[in-house]
Amino acid sequence: MTKRSWNLISGTVLVTSFISFIIGLLNIPNIKTGYEAVAFMPIIYMFIFLLSINFITKTDYKITATVFFAFQWIRFCLMPAIIAIAGENCENNGISVSVSHLRLATVLISLEFIVSSIFLWFMARKKIKIREKTRLHLSGSTFAYFLFGILAVFIFLYNLRRGVRLVNFLVIPAGSEERLGDIVDTSTVIARQIFLLATMIAFLVVTNYCVKRYNLTQKQKYFYISIIVALLNVCIIIGERRSAQIYTAFCCCYVLILAYPYKKKKILFWVCGTAGIVIIFMSIYKVFNAFAYASYEEAMNNAEFTIGGFSQTLQSYFLGPQNVALAIRFAKSSHLNLFNLIFDFCRSTVPISFLFKNSGVTTSVMFNNYLYHGAQDSGHLLSSVGYGYIYGGILFCWCTMVLNIACALFCEKMLKTRKNYEEIYLWAYVMMRFVFSLIINTPALISASSIMLFTAYIVILAARFLRINR
């Protein structure tokens, strides 16, 4: 990005932070009891951002730093303004939290942000020895990847025959009367992961071939073939999590821009535009419960837009004071110890997790069991600061976020030093998993990331072995 672009972003952030602060001050009489301190969160953000802007523009870890401050803007500027305007309707009234817990939650969120920012400044000063601008390559055997693709197709058809739809394309069908939800059956999770890897590898194999042909012939059709395969990848919906589409779109854009450095604008237009359309449909499905209606249009017609509902959504997705207050309430009644902390990380790390499968439940499951009185294992995300408070109290509530940032920085370093398409795509995917979820507890991030790393490297190393021994 140019200096002018950064100046525009900086100006926008500072103006919106100040506006949010004014909105909070004007609405203090209207703010629900316990949330009063959120009015001052934009000032904290504005101060930290002013100290950070020069660092953000110069660091080699620009992706992690930029996304970190972008998400914190939502949490510290947008959310407080909406909470202030929403008044008594700012939270989910179905779950009660005390005023003292809400006030403590605001303090913990602010403390976590300050300490995490300082940690990011310190760690992201280190330079990355970025790969030289040499021609990238596919490290594994194309034939091996072809065989893996055939295996994925057979698995897909087998599951389809037994009534299990592993993926959807472009949109999730409405009118199912039952939400798609997360698949927890181990065999289905493995089947879905194999299909995900196959689509990733298909994109990389085609791109590798097309780049070689494009460099030899300069024919535009090879570039557009790469784009089409990338769009197909983005349109494949695995589960109902919109974040997966963002990860895929980022990975495809990153690889294509490395492969076709002079086609950046076209790549971003087509891939990001398509991803945006898919995410809009997925948002309608999830937020407006399209599964309960005959069509997406009907779901939209029956939707209700309120500032209170928007506030509740922000608190749910960006883990606002109410979510953190729930974690504080859980911490005071659960009395978890170091064993539970170690178990969380072991149970979340593939392949070690298989050894601990029936040895207990994670803190996240216990948290939801506590909130729903044992009726369900999921529903509420356990925030990084909430998780840190459970095991470290006020003094060490920031540790989880710091660990998440450290993992994200490591992934970004790996992304920028790898020299083959497979590992670049893989580390881009895992990095996005961390940077887009820095405010979530670390074991939850390790679980999804370790599955991706473990399964992908098995396939990649096997393909490399066959290439060497052919």
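Is L319 buried or exposed in this predicted model? With a relative accessible area of 0%, L319 is buried, and the views below take us from the whole chain to this residue and several others.

**Figure 1. The whole protein, a predicted model built from 18 helices and two strands.** Let us start with the overall picture. The radius of gyration is 23 Å, close to the 23 Å that the globule rule gives for 470 residues, so the protein is as compact as a globular protein of that length. Along the principal axes, its C-alpha atoms fill a box of roughly 70 × 55 × 50 Å. Of the 470 residues, 50% are buried.

**Figure 2. Close-up of the loop that holds L319.** Here we return to the residue from the opening question. L319 sits in the loop between helix 11 (307-317) and helix 12 (321-334). Its backbone deserves a look too: phi is positive, about 50 degrees, although L319 is not a glycine. Most residues other than glycine have a negative phi. The relative accessible area of L319 is 0%, under the 20% cut-off, and therefore this residue counts as buried.

**Figure 3. Close-up of Q218, in the loop between helix 6 and helix 7.** Q218 is another residue other than glycine with a positive phi, in this case near 60 degrees. What is the relative accessible area of Q218? The value is 48%, so Q218 is partly exposed, whereas L319 is buried.

**Figure 4. Close-up of the cis peptide bond between V350 and P351.** Omega of this bond is about 10 degrees. Most peptide bonds are trans. To find the spot, look for P351 in the loop between helix 13 (338-348) and helix 14 (363-371).

**Figure 5. Close-up of the largest cavity, with a volume of about 40 Å³.** The count of cavities of 30 Å³ or more comes to one. Which residues line the largest cavity? They are F68, F71, Q72, V435, F436, S437, L438 and I439. Six residues of this lining are nonpolar and two are polar, with no charged ones. Helix 3 (residues 62-86) gives the most to the lining, with three residues. One of the lining residues, Q72, has its place in helix 3 and is buried, with a relative accessible area of 2%. For a sense of distance, the C-alpha atoms of Q72 and V115 are separated by 13 Å, while the two residues are 43 apart along the chain.

**Figure 6. Close-up of the second largest pocket, with a volume of about 1800 Å³.** Of the 42 residues that line this pocket, those closest to its centre are F250, C253, Y254, I257 and K264. Two or more lining residues come from each of helix 3, helix 6 (186-217), helix 8 (242-259), helix 9 (264-287) and helix 17 (421-435). Which helix provides the largest share of the lining? That is helix 8, with eight residues. By class, the lining of the second largest pocket holds 28 nonpolar, five polar and nine charged residues.

**Figure 7. Close-up of the aromatic pair F76 and F113, one of 27 aromatic pairs.** The ring centres of F76 and F113 are 4.6 Å apart and the planes meet at 40 degrees, so the pair is tilted. This contact links distant parts of the chain, with F76 in helix 3 and F113 in helix 4 (residues 99-123), 37 residues apart. Both F76 and F113 are buried. The two rings also belong to one aromatic cluster, formed by Y45, F49, F68, F69, F76 and F113. In that cluster we meet F68 again, which also lines the largest cavity.

**Figure 8. Close-up of the edge-to-face aromatic pair F223 and Y260.** The centres of these rings lie 5.0 Å from each other, with 75 degrees between the planes. F223 is in helix 7 (residues 220-235) and Y260 is in the loop between helix 8 and helix 9; the two are 37 residues apart, and the pair links distant parts of the chain. F223 counts as buried because its relative accessibility is 1%, and Y260 is buried as well, with a relative accessible area of 2%. Please do look for K263 too: K263 lies over the face of F223, at 5.3 Å from the ring centre.

Key
Residues are numbered from 1 along each chain as its sequence is written. This is a predicted model: local features need pLDDT of at least 70, side-chain atom pairs count only at pLDDT 80 or more; totals for chains, interfaces and linings use all residues. Side-chain values use heavy atoms; hydrogens and water are left out. On a 1 Å grid over the protein atoms alone, a cavity is a set of points where a 1.4 Å probe fits but cannot get out, and a pocket is an open set with protein on both sides within 12 Å along at least five of seven lines; lining residues have an atom within 4 Å of a point. Grid points are joined across faces, edges and corners, and a volume is the space filled by probe spheres set on the points. Helices (H or I, at least four residues) and strands (E, at least two) are DSSP runs, numbered from the N terminus. Ala, Val, Leu, Ile, Met, Phe, Trp, Tyr, Cys and Pro count as nonpolar, Asp, Glu, Lys and Arg as charged, and the others, Gly among them, as polar. Rings of Phe, Tyr and Trp (its six-membered ring) pair if their centres lie within 6.5 Å; planes under 30 degrees apart count as stacked, over 60 as edge-to-face and the rest as tilted. Buried means under 20% relative accessible area, exposed over 50%, partly exposed in between (1.4 Å probe, protein chains only). A charge sits over a ring if NZ of Lys or CZ of Arg is within 6 Å of the ring centre and within 35 degrees of the ring normal. The radius of gyration is taken over C-alpha atoms; the globule rule is 2.2 Å times the number of residues to the power 0.38.
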